[in-house]
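The following exercises concern strand topology, helix packing and the surroundings of a single residue. Each task is followed by a solution in steps.

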Amino acid sequence: MKRILVALLTLALALSMAFTLASCNDGDSSNSGDATTPAPVEATTVPTPAGYTLYDNGKISFAYPSAWTKQAGSVDILMNESGAGNNVTVAYEQYSDTYKKMDVASFNTLLKPALEAMGMTTSNVAVSQITNKNKVNITKITYSASTNGVAMKQTLFVVAAGNLNYVITVTETKTDATLVNNVLDTIYVIK
């Protein structure tokens, strides 16, 4: 759980950075971040949608927009530098079945206080257990959020891979259902 709190703090930093970049955008669309192409995954994955690139950390993979940059670290950040503020973060923690048992009440007990501590307010929380097209079991958590006067929607996809839980967080400051659906549909557990 501590790892998720660190990830949430990192997410808040990423959001702040995205808004800073958006306010400083001088129209240059060149990518200055790590533009390394991810390694291909096993042939059993679903095809990557047009305009998307495959994120692959050796344990999980999913598609994200090709024009975005990747900033690798203890939490990987995939971000749109065009000023829209949308991004995807990938964090992990030791495996537990906390998310498989999660409902709105346990979200409010476990995660909401951490979000509030970062100055974020949440509403419209929904938690569901789903299986995507790749037969990957996923805990899907969605909520509306606001921080520093900026409204957003966040969708967390929690996936067990080996002895880890991976949390893929899609943040939308500008609504993009295609992004959320493409990430969900292409999540694949490699190992």
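**Exercise 1.** In what order do the strands of the open sheet of seven strands lie, and is the pairing parallel or antiparallel?

*Solution.* The model is a predicted one. Step 1: reading across the sheet gives β3-β4-β5-β9-β8-β7-β6, and the pairing is antiparallel. Step 2: the edges are formed by β3 (69-71) and β6 (121-131), each of which pairs on one side only. Step 3: from one strand to the next, the twist averages 20 degrees.

**Exercise 2.** Determine how β8 and β9 are joined, and how β6 and β7 are joined.

*Solution.* Step 1: strand β8 (residues 150-161) and strand β9 (residues 164-172) run antiparallel and are joined by nine bridges. Step 2: within this pair, K153 stands opposite E172 in β9. Step 3: β6 and β7 also run antiparallel, with nine bridges between them. Step 4: here T122 has A145 in β7 as its bridge partner. Step 5: the hairpin of β6 and β7 has five residues between the strands, and K135 takes a positive phi near 60 degrees there.

**Exercise 3.** Describe the open sheet of three strands and explain the status of its edges.

*Solution.* Step 1: the order is β1-β2-β10, with antiparallel pairing. Step 2: β1 (52-56) and β10 (188-189) are the edge strands; each has a single partner strand, so one side of each is left without a neighbour in the sheet. Step 3: strand β2 (residues 60-65) pairs with β10 in the antiparallel sense over two bridges. Step 4: in this pairing, S61 stands opposite Y188 in β10.

**Exercise 4.** Which strands does helix α4 touch in each sheet?

*Solution.* Step 1: in the sheet of three strands, α4 touches β1, β2 and β10, and its direction makes about 160 degrees with that of β2. Step 2: in the sheet of seven strands, helix α4 (residues 177-186) touches β6, β7 (137-147), β8 and β9, and its direction makes about 165 degrees with that of β9.

**Exercise 5.** Is L156 buried or exposed?

*Solution.* Step 1: L156 lies in strand β8. Step 2: its relative accessible area is 4%. Step 3: the cut-off for a buried residue is under 20% relative accessible area, so L156 is buried. Step 4: beyond residues up to four places away in sequence, L156 touches T139, K140, I141, Y143, V167, I168 and T169. Step 5: one of these, T169, is 13 residues from L156 in sequence, yet their C-alpha atoms are 4.4 Å apart in space.

Definitions and conventions: Residues are numbered from 1 along each chain as its sequence is written. This is a predicted model: local features need pLDDT of at least 70, side-chain atom pairs count only at pLDDT 80 or more; totals for chains, interfaces and linings use all residues. Side-chain values use heavy atoms; hydrogens and water are left out. Two strands pair if DSSP finds at least two bridges between them. Helices (H or I, at least four residues) and strands (E, at least two) are DSSP runs, numbered from the N terminus. Axes are lines fitted to C-alpha atoms, for helices over the stretch in contact, and angles run from 0 to 180 degrees between N-to-C directions. Contact means heavy atoms within 4.5 Å. Buried means under 20% relative accessible area, exposed over 50%, partly exposed in between (1.4 Å probe, protein chains only).
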